[in-house]
Amino acid sequence: MINSATRELGSPGSSLGGDPQQVVIVGAGPTGVMLAIELARRGVEVRVLDKQLSRSSETRAIGIHARTLEIMRQLGIAEEFLALGHQVGGVIFHLRGRRRAEVRFGGLDTPYPFLLTLSQEQTQRILDERLERLGVSVERGVDVVDVRHDATGAQLVVAGAGTPPEQPLHADWVVGCDGVHSIVRRRLGLSFDGEDYGQDWLMAEVKIDWPLRSDRFHVFAHTGAVLAMFPLSSERWRLFLAQVPNRGPERRAPEMEEVELLVAQRGPKGMRPTDPTLLAAFRCYLRSTKTMRSGRVLIAGDAAHVHSPAGGQGLNTGLHDAFNLGWKLALVAQGQAPPTLLDTYQAERVPIATSVLALTDGLVKTFSMPSPRKRFLRDQVLPIVMATPAAQRRYTRRLSQLSHTYRGGPLAVRARRTARASVAPGDRVPTVSGLRRDGQPVCTLDLLGAPTHTLLILAGAPADHEAVRAAIGRLRSWGEMVRTIVIGHEPFDSQSVVDPDLRAHRRYDALSGQLLLVRPDGHLATRAPLNRPDLLERYLRWLRREARRRGQSIAQVAREAIERELPPPPDGRLGFFAIGDGSPTDASERVDELVADSVRRRQRGRR
């Protein structure tokens, strides 16, 4: 890892040649830095390159949703966000004829039933400082001009001030987190399908002389073009004004007089914005790619999908891309899982991105209807629909991204006899409070901060301690990949968690005892009855045994050559649902010995 302050290309210690890096990330926005954090805290050598000479001071994205705050809690930095941000408890839609529809976040099943507004500059600073505490700093002033890759690795061609025009940088893996105009995506030749809305938007940060609830977003839809207002504090607001005349290719920023006029036209009578600190114009796009991995190169965040700011989804979706990819790429880069694991990144995140684009597009079209008749119908129906608990729950869960699931995906091992309302493989594991550990209150989210998988053993009511001990013994050999935590009505040992009211047992449908294997990103990998730890081993065996067969370390060539000379394992296959007891065969043990010898010889040869 790079243990230095933020530096520019060409500064002392900023060598781009030499041995290949494990992972190089192009782009140091929130998505790129989040991914670097996830890799660095798992011991992966990672370099982060950004063409900007300094961190951006622009506000840009401001909305941090509940699911993102849960992730920040897993990283141990949620409190930093909460200390600086402004909590917003819902949205009020101001419609024609004093009609209103309100959406409230208070019913969300999360420790964070609100949306937090915080400038992207502050978000970026918190993430950058977390990365620096891990010993990794962003290398600035590095412009990536080309990316090439083959089956063995990738090569970037970079340039920077005070250096030769082109320098090569070799890496095992490259991830493009370099935004809408991603050079990485373009060099891969990936399509970026979609359209723009054919309209420019204005953005302003101002004070508002009008009595508005500052714990709510406000959308004024009295006319065919809306005024959307997002509180940054109790006094300052960000305004979005859609459907303004074309500003030209340079996206000319508005004068304050223009903002005042549009607010007077679209907002309530007498509302007046003052004291601007930001005036800007931008064009909204709706574009995405279906390919987020091509061989040794991947993309994430705005490089893979972009949409309007409606719903505050963009920043959050990019961070979740990185949180999904980080643990997978770490396992692959360190030879603990096969490269095919990275295919699940695309398989899981493309449907999420598609859903987010549909949500934001629906919001834009709902509140930019040119037809007065359609707006009249909308204003009649929306308050009625949004007054129902079912609509409130569905809309807020989707907006907060708590509803995002990988259920049915390639890593969601199907569980037996799972209750319909229970947590299924692929789902986010919901947070349960009211637990105690070492006499202190904790929630289940606090148990998921390790960079490994977490096994939650729910002992049942009454507790079956014999089955608990048997499960721990059976899965002990997986300790490098899995951290085990016992949750019981009474203490099991000094490290166990007490569930005094059986809240976790009831929420997870585990009164009879259950094994819940949780992925590092907080989604359920698989679950099994307390007496069937072998079912969990199938998932873990796939990671380990496939890594042995197709790992990407320097042992790869030697291993494949050796295995061609050895008989296949007795079960005949090494797939995800391989049948067998999971114990290593004599042949695979012999492979390990031979490969270790081969690795040592090759390393001596390099020296």
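These legends accompany a series of close-up views of one predicted model.

**View 1. The protein chain as a whole, in a predicted model.** The protein chain holds 15 helices and 27 strands. Of its 607 residues, 56% count as buried. Among the contacts in the protein chain that have a separation of 6 or more, 73% are accounted for by residues 24 or more positions apart.

**View 2. The largest cavity and its lining.** The structure holds 2 cavities of 30 Å³ or more, and about 110 Å³ of space lies in the largest cavity. The lining of this cavity is made up of 13 residues, of which Arg67, His320, Arg349, Tyr406 and His523 are the closest to its centre. When the lining is sorted by class, 4 residues are nonpolar, 5 are polar and 4 are charged. Helix 2, which covers residues 66–74, and helix 7, which covers residues 314–333, each supply at least two residues of the lining, and helix 7 gives the largest share, with 3 residues.

**View 3. An open sheet of 3 strands.** The strands of this open sheet stand in the order 4-8-5, and their pairing is antiparallel. Strand 4 (63–64) and strand 5 (86–88) are the edge strands, each of them pairing on one side only. Over 2 bridges, strand 4 pairs in the antiparallel sense with strand 8, which spans residues 115–117. Within this part of the sheet, isoleucine 64 has leucine 116 of strand 8 as its bridge partner. As general background, the strands of a sheet pair through backbone hydrogen bonds, in either a parallel or an antiparallel arrangement.

**View 4. Tyrosine 112 and its surroundings.** Tyrosine 112 is placed in the loop that lies between strand 7 (100–104) and strand 8. This residue counts as buried because its relative accessibility is 4%, and buried means under 20%. Leaving aside neighbours within four places in sequence, tyrosine 112 is in contact with Ala66, Leu69, Glu70, Arg73, Ala78, Leu82 and Leu445. With one of these residues, arginine 73, the contact includes a polar one between the two side chains, at 3.3 Å. Arginine 67, which is among the residues closest to the centre of the largest cavity, is 45 residues from tyrosine 112 in sequence, while the C-alpha atoms of the two are 8.2 Å apart in space.

**View 5. Threonine 289 in the loop between strand 17 and strand 18.** The loop that holds threonine 289 runs between strand 17 (273–288) and strand 18 (293–294). With a relative accessibility of 4%, threonine 289 counts as buried. A polar atom of the side chain of threonine 289 lies 3.1 Å from the backbone nitrogen of threonine 291. When neighbours within four places in sequence are left aside, the residues in contact with threonine 289 are Leu190, Ser191, Phe192, Ile299, Ala304 and Val350.

**View 6. Helix 1 and its enclosure by the rest of the structure.** Helix 1 comprises residues 30–40, and because 11 of its 11 residues are buried, this helix is largely enclosed by the rest of the structure. The buried residues of helix 1 include Pro30, Thr31, Gly32, Val33, Met34 and Leu35, and Ala36, Ile37, Glu38, Leu39 and Ala40 are also listed among them.

Technical notes. Residues numbered from 1 in each chain as written. Predicted model: local features only at pLDDT ≥ 70, side-chain atom pairs only at ≥ 80, totals over all residues. Heavy atoms only, no water. 1 Å grid on protein atoms, 1.4 Å probe; cavity = no way out; pocket = protein on both sides within 12 Å on 5 of 7 lines; lining within 4 Å. Points joined across faces, edges and corners; volume = space filled by probe spheres on them. Helix = DSSP H or I, 4+ residues; strand = E, 2+ residues; numbered from the N terminus. Nonpolar A, V, L, I, M, F, W, Y, C, P; charged D, E, K, R; others polar. Pairing = 2+ DSSP bridges. Buried < 20%, exposed > 50% of the residue type's maximum accessible area, 1.4 Å probe, protein only. Polar contact = N/O pair within 3.5 Å; in protein donor to acceptor, adjacent residues only side chain to side chain. Contact = heavy atoms within 4.5 Å.
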